[in-house]
Amino acid sequence: MSQSYAILAGRPAPLGASFQGDGVNFAVFSKHATGVTLCLFDGDGAETQIPLPEWDGDVWHGFVPGLTPGQHYGYRVEGTYAPHEGHRFNPAKLLIDPYAKRLTGHPIWHDALYGGDAKTPDKRDSAPYMPRSVVEDPAFDWGDIPPPGHAMESSILYEAHVKGLTQTLPGVDHPGGFLGIASDAVLEHLTGLGVTAIELLPVQAFLNDRFLVEKGLVNYWGYQTLGFFAPDSRYLTQHSIWEFQHMVARLHSAGIEVILDVVYNHSCEGDHTGPTLSFRGLDNASYYRLAGDRSLYINDTGTGNTLNMDHPMVLRMVMDSLRYWADTMGVDGFRFDLCATLGRTEAGFDRNNAFFNAVRQDPVLAGKKLIAEPWDIGPGGYKLGAFPPPFSEWNDQFRDGVRRFWRGDPGHVPILADRITGSAHQFDHSGRPATSSVNLITAHDGYTMADMVAYKKRHNQANGEENRDGHGENYSDNFGVEGPTDDPEITAARIQRRRNLMATLLLAQGTPMILGGDEIGNGQKGNNNAYAQDNRIGWIGWDKADSEFLEFAKKVIAFRHAHPILRQKRFLHSQPREADGLADLFWWRADGREMARADWTNGDLHLLCAEMRMASGTPDYAEREDALYLAFNAGDEVTLTLPVPQAGFRWVRHLDSADPEAAPRRAKRREPMSAHSVLAFVLEPEGAA
C-alpha cells in the first residue's frame, strides 16, 4: 500500500536529491517534459507517486518533509512521444535520477525497459526491472591527511580494475570491492612497487549490456555509464558510498593518488533501439546529439549515442559530476574516455569549446590531473597532441613505436628517439610540458605485457564474438611459439623483452603508466579485449606472480624516482645550457661519434644511445643532476664507446636489463652491451659513494 507524503515547493538547486536535515529536496532537469512525477518506494517496494509542483528554468523540483538518507526513489516523466521530433517521453518507464548518488543495483533485462517503437510508446511498467535511486548524505570525515599532491613530473600511474586487482590477492578482506583496495595488502604492494597514483577503470554506475547477459557474460570494464554520481553497486560490499571515500583516504595515507577513468561521451542507453533508463526518458532531445532524422543519434563513440555537450544543462551535469568526485569523494584526477568527443561541436573538434573552457577555469578542478584519451571513431576523431593544457594525453604512438622498435621492425630508431624525449612533435606547443605525454606500453584495452611477447594473434573466443573483436594489429611477437611454452630459450627471450619494455617505459621523458599486473607477468591467455571477462582471464593472477620481474620493475621505478633528468617538464632539443654551454641532449653512435643524417635514415640500425642533461632553460631552483647515458639495443651484442666525462666525473653503470641483479660499478670508456638489452649510466663526481 502506498504512503501519503506532503510536498512543498523546494528549490531548483542543487540538482538531485539533497538531504537537508528535515527532509529531502528533489530537483531534476527536463526542458521538454509536460510533467515530472517523483516515485517513492517503501521497504516492501510499494510505490507512491507525487507530482513535482514547481518548474523553474527547466528544472522540476519539490521538497518532501521527513525523508531521510536511504530513501529509494525514481522519476516518471510525461511529454510527447514523437521520436521523429527527438522526443521519447513515456511515464510507464521508471527513470534513474541522473544525479543519484547511489543505486540499489542494475537493471534486470526485460522488454518492458524499452520505451517503444518509431511511433508507439510501450505501455508496460518498467519499475519491476529497474534499480532505485537512493537518497544519500555524502558527508565524510577526511581527518588531517591531505591529498598527496604529486607533481605530474614525479608521477607514475598504475592502471587497475577494482575487482581485477583485488579478487585473488592474498590478505584482502573484501575482495572485489573498494574496501579491498583499501586493504593493507594492496597498499603494501603499491607503495613497495613505487607508483604514485592508481588509475581505476570506470567505477561510476554502469550497465551490463543485454547481449552480454544473454551470453552469460557481464560488462566487466564498465564503459557504459548509467549514473555519473553513483559508485557502482557491485563494488560496494557494505552498500554505502563511504566505502569509496574510505578507499581514497587509505590510499592518500599511503601517498597514493586516485584517478578515475570517466565516461562522459555517451550513456548506456545505446541507439534508437536501446532501453529507456534515464536520460532518454527525461529529455532525449536535450541530453543527446541527434541526427538529421531526429529519431536517430549521432554516434561518434561507437556505442550508439553521444551526449550533447553543447547543451548547458548537460555540460552542467558533467561539471557537477567532476566537482562531486573531486571534492566530496576526494579523487585527484580524471582520465576522460574518448575525450575527442567531449571537444566536438557542430563544426567539429574545438580545443576551446565549452567543455574544455569550463574545466580549465573551474577552481575545484584546479590542480587535478586531467588525462585525455585523444580519439573517438567520429570524422577526424584522432586528436593526439591537440588538447589544451593542463590536459595530458594517452600516447598510443609511444606504445606502438616502442613495441615495434623492440620487435626489430626496420626504421624505428628515430621513432624511439622521439618517444623517449617526450614525443615533442605531438606535444611541444601551446606551453605544454613534456609530461603531457602519458606513456604506455600496455593498458586494459589490449594485450598485457606478458601476452604481447607470447602471442601474435588475438585469442578472444571467450568473448562470444567469434574472435572478431579487439585490435587486429598489436605489434606483438611470440618468439616462434604461440602461447605458453616450456622451451627455456624462448622463455628467457620473452622475459628479456619484458624487461626491455618496462625499462624503456620508465626511462622515457613523459608520464609513465603501468598496467596493473604487468609488474608480476600477468597474462590473459591471449585475450586482448577482456571487457566481458569477470573471471580469471580478467583478474590479476597473483598466484602466478613472477617475483624476479617484480624486483626488476621496482628497481627501474626507484631509478626513475632517483634521477630528475628522467622527470623533466621541459623538452630536450639539444640546446646549449646557460650554466655550462653543454647541449641538453646528444645522440651517440656505438663508436662514440655523434649520430649523422645517414645514421638516422639507416633502416637496419637497431641501437639508440642518448646522453641527457637537465633541459636548457631549467631554473636554478629545480632539482638537478649532471647527466645520464641511456642505450637501447634491439640488435646484436655491441661495444659502446662512452662520451669522455668532464674533469672530476666518471660514468657509473647502474642498470642492465640483461643482468638485472648487477650492482652499480664504475664504467670503462668502452663498455660491452648485450644483444636485446637496455643500459643506463649515471655521470657522478669522482669520490661519490
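What is the make-up by class of the lining of the largest cavity? Eight nonpolar, eight polar and one charged residues, where Ala, Val, Leu, Ile, Met, Phe, Trp, Tyr, Cys and Pro count as nonpolar, Asp, Glu, Lys and Arg as charged, and the others, Gly among them, as polar.

## Ground rules

Before going on, note that this is a predicted model, in which local features need pLDDT of at least 70 and side-chain atom pairs count only at pLDDT 80 or more, while totals for chains, interfaces and linings use all residues. Residues are numbered from 1 along each chain as its sequence is written, and side-chain values use heavy atoms, with hydrogens and water left out.

Helices (H or I, at least four residues) and strands (E, at least two) are DSSP runs numbered from the N terminus.

## The cavities

Back to the holes. Searching the whole structure turns up two cavities of 30 Å³ or more. On a 1 Å grid over the protein atoms alone, a cavity is a set of points where a 1.4 Å probe fits but cannot get out; a pocket is an open set with protein on both sides within 12 Å along at least five of seven lines; and lining residues have an atom within 4 Å of a point. Grid points are joined across faces, edges and corners, and a volume is the space filled by probe spheres set on the points.

The largest cavity comes to about 180 Å³. Its lining has 17 residues, and His-161, Leu-515, Gly-516, Gln-524 and Gly-538 are the ones that lie nearest its centre. Strand E11 (157-160) and helix H1 (162-166) each put at least two residues into that lining.

The second largest cavity holds about 30 Å³. Around it sit Ala-503, Leu-507, Phe-552, Leu-655, Asp-656, Ser-657 and Val-678. H14 and E27 are the elements that give two or more residues to this lining. By class, that lining splits into five nonpolar, one polar and one charged residues.

## The second largest pocket

Helix H14 (488-507) turns up again in the second largest pocket, where H14 and helix H13 (449-452) each supply at least two lining residues. The largest share, four residues, is from H14. The pocket has a volume of about 750 Å³.

A total of 26 residues line this pocket, with Ala-450, Gly-521, Asn-522, Gly-523 and Lys-544 nearest its centre. Sorted by class, they are 10 nonpolar, eight polar and eight charged.

## The parallel barrel

E11, met above at the largest cavity, is also part of a barrel: eight strands close up in the order E11-E12-E15-E16-E19-E20-E21-E22, with parallel pairing. Two strands pair if DSSP finds at least two bridges between them. Neighbouring strands of this sheet are turned by 25° against each other on average, direction ignored; axes are lines fitted to C-alpha atoms, for helices over the stretch in contact, and angles run from 0 to 180 degrees between N-to-C directions.

For one pair in detail, take strand E15 (residues 257-262) and strand E16 (residues 333-336), which are parallel and share four bridges. Here Ile-259 stands opposite Gly-333 of E16. Helix H10 (residues 396-407) packs on the sheet and touches strand E20 (392-395) and strand E21 (437-440), its direction making about 30° with that of E20; contact means heavy atoms within 4.5 Å.

## Strand E30 and its neighbours

Further along the chain, strand E30 (residues 677-685) has eight of its nine residues buried, so it is largely enclosed by the rest of the structure. Buried means under 20% relative accessible area, exposed over 50%, and partly exposed in between (1.4 Å probe, protein chains only).

Strand E25 (residues 627-633) runs antiparallel to E30, joined by seven bridges, and Phe-632 has Val-678 as its bridge partner in E30. That same Val-678 is among the residues lining the second largest cavity. Strand E27 (residues 649-656) also pairs with E30 in the antiparallel sense, over seven bridges, with Phe-649 opposite Pro-685.

## Backbone oddities

Just before E30, in the loop between strand E29 (670-673) and E30, His-676 has a positive phi of about 50° although it is not a glycine. His-676 is partly exposed, at 38% relative accessible area. Ser-574, another non-glycine, has a positive phi of about 60°; it lies in the loop between helix H15 (547-562) and strand E23 (585-588) and is partly exposed at 33%.

There are cis peptide bonds too. One joins Ala-13 and Pro-14, with omega about 0°, and Pro-14 is in the segment before strand E1 (16-19). Another runs from Pro-389 to Pro-390, with omega near 10°; Pro-390 is in the loop between strand E19 (369-372) and E20.
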